[in-house]
Amino acid sequence: MSQVRVLVGTRKGAFILNADGKRKQWEVSGPHFAGWEIYHVKGSPVDPNRVYASQTSGWFGQIIQRSDDGGKTWHQPGTPPGEPTTTPDGTPKGESNKFVYDTSPGSGKPLTTHQWYDGTQHPWEFKRVWHLEPSPNDPNTVYAGVEDAALFRTTDGGKTWHELAGLRGHGTGPQWQPGAGGMCLHTILLDSSNPGRIFIAISAAGAFRSDDAGKTWRPINRGLRSEYIPDPTAEIGHCVHRIALHRSRPNVLFMQKHWDVLRSDDGGDSWHEVSGNLPTDFGFVIDVHAHEPETIYVVPIKSDSEHYPPEGKLRVYRSRTGGNEWEALTKGLPQRDCYVNVLRDAMAVDSLDPCGVYFGTTGGQVYGSTDAGDSWAPIVRDLPAVLSVEVQTLP
Amino acid sequence: MIRVVLPPHLRTLAHVDGDVTLRVEGPVTQRSVLDALEAQYPMLRGTIRDHVTQERRPFLRFFACEEDLSHEPPDAPLPDAVVNGKEPFFIIGAIAGG
């Protein structure tokens with residue numbers, strides 16, 4: 001029977017939730033890396049036992065952790081236990097912690113400034129890894145989206161990381177600015193049918209696409225409208241919260257922006273709004289059903305200053321028409337006095353049939369649905385605030 | 001031997017339970033102690049000092065012999081009691097946030 005492994009990153013550690021294919025009885029392991037902020041945990045599509053975690057702290061900086069046994073044991077990939085602590089020439093290892101912007105004359109770009117909240121220019125400084133996206137083809141290749149916004153890649157299983165500097169050096173960097181959570185590159189979408197194509201999104205710069213495996217980039221924000229920036233239809237400056245696609249149709253993208261839910265049918269060249277009858281089109285997460293490319297999910301949030309659901313009712317909204325027509329999914333979710341948020345990386349789907357949908361809240365609940373959202377039940381109720389949720393469907 | 005006391009999270013990362021003991025060649029300074037620490041426990045690189053600038057991370061402080069050495073020059077000699085191992089060199093997380 002299939003199994004499901006839910007990887008949960010929280011403000012105070014990582015948790016792994018395991019169930020068989022019925023998804024009724026869950027075992028919880030953790031906290032892993034207790035006391036650390038775990039922004040993201042994600043497994044390799046080609047080797048599910050290979051799992052990467054972003055472990056971060058305002059005190060101690062950025063750590064990358066890796067498991068080769070599905071999360072039972074972990075190590076920093078630059079410093080595997082039992083291996084020599086230095087290279088043959090005596091250089092200390094531990095490079096897996098090292099995220100340094102590439103300013104080299106050959107592959108790099110000069111370190112510029114970006115716009116600060118008050119419009120002044122501010123130095124570009126590495127803070128943390130928000131998102132890890134393992135390659136669909138190679139377990140040793142992983143992309144990392146970081147704050148201040150840039151894209152890094154490892155090709156040696158996380159031992160060393162190198163910036164794909166063409167994005168940061170695209171030319172519009174001085175116009176990028178932080179959202180409330182920082183200037184983070186939070187979304188990385190890899191097109192498994194086209195290895196050269198990468199989509200990313202940055203708060204608050206917008207969405208970008210590369211068609212040459214990350215060497216060069218172009219902004220893909222035509223059709224976005226953001227009233228909170230001086231030019232609402234500017235090429236740069238939109239606070240994109242999350243983008244999602246279905247792997248069978250990588251040209252169709254769905255976006256939850258700061259305000260507005262949008263859709264692109266041309267790989268991001270143009271977007272149009274599909275917020276339709278949502279009670280509010282502010283929110284963070286958006287995801288696509290595993291088997292129905294026109295079925296999408298969002299969690300509407302009241303506003304950008306009130307980061308909780310409207311009316312205290314936690315409702316997932318589902319569209320089976322690729323947007324515009326939405327239905328509230330409430331069965332099993334609290335419908336009174338609920339004031340949690342669902343952050344941008346905190347929803348995922350499994351690939352079983354019926355499709356399982358999972359999301360975590362800032363109140364520490366992780367909810368799961370085994371019927372594509374028709375009904376929900378909490379898997380755990382009392383974790384630290386959930387930052388991210390990913391799902392692995394195992395044979 | 002130099003004794004170093006790490007904050008709990010860094011002990012976990014370094015897979016150590018108590019104080020760390022280090023052999024430091026030459027003058028015993030913040031820089032030489034941290035160089036020796038990172039050579040012996042490379043998983044700690046970047047967690048105490050910035051990878052590039054080698055400056056102390058802002059929420060960490062250094063103490064020894066009941067004195068705050070956080071703002072001393074990195075190449076200033078550490079107290080004799082640290083050099084001869086009678087007193088440890090403390091790396092401490094600032095009490096801030098939660």
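**Exercise 1. Locate Pro31(A) and describe the peptide bond that precedes it.**

Solution. Pro31(A) is found in strand E3 (residues 27-32) of chain A, where strands (E, at least two residues) and helices (H or I, at least four) are DSSP runs numbered from the N terminus. The bond joining Gly30(A) and Pro31(A) is a cis peptide bond, with omega about 0°. A further cis bond leads from Asp353(A) to Pro354(A), with omega near 5°. Pro354(A) lies in the loop between strand E25 (347-349) and strand E26 (357-360) of chain A.

The model is predicted: local features need pLDDT of at least 70, side-chain atom pairs count only at pLDDT 80 or more, and totals for chains, interfaces and linings use all residues. Residues are numbered from 1 along each chain as its sequence is written, while chains are lettered from A and ligands numbered from 1 in the order in which they are written.

**Exercise 2. Determine the strand order of the open three-stranded sheet in chain A and identify its edges.**

Solution. The order is E4-E5-E6 in chain A, with antiparallel pairing; two strands pair if DSSP finds at least two bridges between them. Strand E4 (37-43) and strand E6 (61-67) of chain A each have a single partner strand and stand at the edges, so one side of each is left without a neighbour in the sheet. Neighbouring strands of this sheet are turned by 15° against each other on average, direction ignored, where axes are lines fitted to C-alpha atoms, for helices over the stretch in contact, and angles run from 0 to 180 degrees between N-to-C directions. Next, consider the pairing of strand E5 (residues 51-57) of chain A with E6(A): seven bridges join them, and they run antiparallel. Ser54(A) stands opposite Ile64(A) in E6(A).

**Exercise 3. Set out the fold of chain B and the pairing of E5(B).**

Solution. Chain B comprises three helices and five strands, in the pattern β-α-β-α-β-β-α-β along the sequence. E1(B) and E5(B) run parallel and are joined by two bridges; here Val4(B) stands opposite Phe89(B) in E5(B). E3(B) and E5(B) run antiparallel, with four bridges, and Arg61(B) has Ile92(B) in E5(B) as its bridge partner.

**Exercise 4. Identify the buried residues of helix H2 (residues 30-40) of chain B and the strands they pack against.**

Solution. A residue is buried if 20 or more other C-beta atoms lie within 10 Å of its own, exposed if 12 or fewer, and partly exposed in between, with C-beta atoms placed from the backbone. The buried residues of H2(B) are Gln30(B), Val33(B), Leu34(B) and Leu37(B). They cover an arc of only 95° around the axis (taken from the directions from the helix axis to the C-beta atoms), which puts them on the same side of H2(B). They pack against strands E1 (2-5), E2 (20-22), E3 (60-64) and E5 (89-93) of chain B.

**Exercise 5. Characterise the side of chain B that touches chain A.**

Solution. Contact requires C-beta atoms, placed from the backbone, within 7 Å. On this basis, 18 residues of chain B are in contact with 18 residues of chain A. The elements giving two or more residues to this side of chain B are helix H1 (8-14) and H2 of chain B; H1(B) gives the most, with three residues.

**Exercise 6. Which backbone feature does His15(B) show, and is this residue buried or exposed?**

Solution. His15(B) has a positive phi of about 60° although it is not a glycine. This residue is found in the loop between H1 and E2 of chain B. His15(B) is exposed, with 11 other C-beta atoms within 10 Å.

Terms used
Two residues are in contact if their C-beta atoms, placed from the backbone, lie within 7 Å. Ala, Val, Leu, Ile, Met, Phe, Trp, Tyr, Cys and Pro count as nonpolar, Asp, Glu, Lys and Arg as charged, and the others, Gly among them, as polar.
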